[in-house]
Amino acid sequence: MIILETDSLDKSYGPVHAVNHLSLTVGAGQVYGILGPNGSGKTTTLSMLMGIVRPNGGSFKWFGGETGPEANKRIGALIETPNFYPYLSLEQNLKIVCRIKGIDEKDIQRVIRLVGLHERSRSRFQTLSLGMKQRLALGSLLLGDPEVLVMDEVTNGLDPEGIAEVRTLIRQVASTGKTIILASHILDEVEKVCTHVVILKKGSKLAEGEVDSLIKGKEVIILSGDNLDQLSAALSASLLVESYTRENEDLKVILKGEVKTGDLSKELMEKGIALNRIEVRKNRLEDQFLELVKQDNTLQP
Amino acid sequence: MMKLLKIESVKVLSYRVFQILAILYAGAFLLSVSVFPLLKLSTQFANNQDILNLKTWYYFPQIWHTFSYFAAKFNIFLAIIVIFLVGNEFSYNTFRQHVVNGLSRNELLNGKVLVILCIALANTLMVFVFGLIFGFIYSTGYSFQDVFSQIYYLGIYFVQAVGHMIAAMMFAVWLRNKTLSMVLLIIYQFILEPIIRLVLNKYVLVNIGLYFPMRIITKFIPLPDNAITEMFKANTSLNDMTKALPLWLNLALILGYCAIFYLVTKRILAKRNL
């Protein structure tokens, strides 16, 4: 079942093309990451999906056809910062959310406990620390146990323990079959919790797919030796190598299709080049990401 | 509608600024109406009377006219309350959050209109209660019919209060900033529009100023008739205070302005990114 479908969604702020004809599909039960550097259009995209920013073009559908307030009531969403009334208590703030969404107010105690704020439930929102505010926003997100969660930079402002807790929470929620859409500029986060990912840059889609298949892409081999110039020359000449880059004292090598690491090692030995280090590394999302962004840069004048 | 009211009630009732301004409003009104009957103005303008007795303002049924007139003078407090309530939604980003949570933009607006109607209703009730109390204190020899015969002035007061607050709401939604909205509303109400009216009255058409929104909202009801009013009427520089359009025309105009302000606000909210 498709939870969300966007068709050529487009938004400009004056000369800035924030989101460029973006088409996405999110299926039920996916943990869908929207990954991109700052200013790549993640928040704008989510804002359009939640109805707070008007798109210039394109369209989107939640749950196969709904848009607007009725769809939003079925979604728990946090965009950018936690937004609450500073002079109201945590309970009062959540009461407002319950009344908007038509949720039983009994659920307030459950979520406040879930995010560990039960001791502060009668404090005013303005007395909370940044991390606690973020937790309350998470609690608010989970009110009424919505089918879909939308989160934007959800671990911002949390301490390492808080970040770990939030990630555990996301995985827990995901394991119950809910759909989660998560925007982040932290690759590690996306890699750890997401099943699917789209990579954005300057509002355009660079890549989209399963996190596993993106990560399981080509292997990267890290080589180092005493004579890097000689090693480089050998790699350039080799028919086994697809590409390589030099990083400080290391060379990062990507092999062609079916070539094995051993084949390269053997070839270098035959040429009489000794290696200090040979390490096979999975091509992690980060590399993939940087690679994609780099490729895109070369296209631009 | 009940849903919107329940949502708004949580926000409004616990808001300190609301509590303080509401008390200030009631206090300022009570103080001003308490003072007049105690004043004994001796004046050289009124030939026949040595002392102007302001107590006649407090006799049934004229008291409804008097109290509605004075209560309307303090409606700027109500307008400022509304600017705070609406401005907060922008500064706390809560309008935005409400839409994310599943309210429509029209519901945002209608929630505020409901708050405005409730505040206006509460204040009309306050004026009613004070009117009864002061009326019974100062009136002598009245019949039951006298007590309530001009009670429709309270309805006029209600419409004025609503108009003033809807205008304030429009400023707050347009500017999205409490301070700026407040300053601009005050400048418009007390300086800009009066000057425009004055100029137009003088150079374009006599009494055209009476059709302007703030003139109607703040001075729908002319000064209650009294020896002082007679004096003002005779004095050309002061007689603006005693002028007003016919009641039905004023009512039609103020309702028209309310509708315009509401629709403008609705349009701004619908088109904007939150």
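Modeller: Before we start, two residues are taken to be in contact if their C-beta atoms, placed from the backbone, lie within 7 Å, and please keep in mind that this is a predicted model.

Biologist: OK, so how many residues of chain B are in contact with chain A?

Modeller: On the chain B side there are 22 residues, and they are in contact with 24 residues of chain A.

Biologist: Which elements of chain B give two or more residues to that side?

Modeller: Those elements are α1 (2–13) and α5 (94–101) of chain B, and the most comes from α5(B), which gives seven residues.

Biologist: And how do the residues of that side divide into nonpolar, polar and charged?

Modeller: On the side of chain B that touches chain A, eight residues are nonpolar, nine are polar and five are charged.

Biologist: Let's stay with chain B. How many helices and strands does it have?

Modeller: Chain B has 12 helices and two strands, and read from the N terminus the elements run α-α-β-β-α-α-α-α-α-α-α-α-α-α, with two helices ahead of the strands.

Biologist: What share of chain B is buried?

Modeller: Of the 274 residues in chain B, 37% are buried. As for its contacts, if you take those between residues at least 6 apart in sequence, 79% join residues at least 24 apart.

Biologist: I keep looking at α3(B). Is that helix largely enclosed or largely open?

Modeller: Helix α3(B) is largely enclosed by the rest of the structure, because 11 of its 12 residues are buried. Among the buried ones are Trp64(B), His65(B), Phe67(B), Tyr69(B) and Phe70(B).

Biologist: What covers the buried residues of α3(B)?

Modeller: The cover includes α2 (16–35), α4 (75–91), α6 (105–138), α8 (152–175) and α10 (213–219), which belong to chain B.

Biologist: How does the span of α3(B) agree with what 12 residues should give?

Modeller: At 1.5 Å a residue, the 12 residues of α3(B), 62–73, should span 16 Å, and the end C-alpha atoms are 17 Å apart, so the two values agree.

Biologist: Which peptide bond is cis in chain B?

Modeller: The bond from Phe60(B) to Pro61(B) is cis, with omega near -5 degrees, and Pro61(B) lies in the loop between β2 (51–53) and α3 of chain B.

Biologist: Switching to chain A, how is it divided into domains?

Modeller: Chain A is divided into domain 1, covering 2–214, and domain 2, covering 219–282, and the centres of these two domains, taken over C-alpha atoms, are separated by 43 Å.

Biologist: What is the strand order in the open sheet of chain A?

Modeller: That open sheet has three strands in the order β2-β1-β4, with antiparallel pairing. Its edge strands are β2 (16–27) and β4 (57–62) of chain A, each of which pairs on one side only, and the twist averages 15 degrees from one strand to the next.

Biologist: How many bridges join β1(A) to β2(A)?

Modeller: Eight bridges join the antiparallel strands β1 (residues 2–13) and β2 of chain A, and Glu5(A) stands opposite Thr25(A), a residue of β2(A).

Biologist: Which residue in strand β2(A) has a positive phi although it is not a glycine?

Modeller: That is His21(A), with phi about 40 degrees. His21(A) counts as partly exposed because 15 C-beta neighbours lie inside 10 Å.

Biologist: And Glu153(A), buried or exposed?

Modeller: Glu153(A) is buried, with 21 other C-beta atoms within 10 Å. Its phi is also positive, near 50 degrees, and Glu153(A) is placed in the loop between β6 (148–152) and α6 (160–175) of chain A.

Terms used
Residues numbered from 1 in each chain as written. Chains lettered and ligands numbered in written order. Predicted model: local features only at pLDDT ≥ 70, side-chain atom pairs only at ≥ 80, totals over all residues. Helix = DSSP H or I, 4+ residues; strand = E, 2+ residues; numbered from the N terminus. Buried ≥ 20, exposed ≤ 12 C-beta atoms within 10 Å, placed from the backbone. Pairing = 2+ DSSP bridges. Axes fitted to C-alpha atoms, helices over the stretch in contact; angles between N-to-C directions. Domains from an automatic or database assignment. Nonpolar A, V, L, I, M, F, W, Y, C, P; charged D, E, K, R; others polar. Expected span 1.5 Å × (residues − 1).
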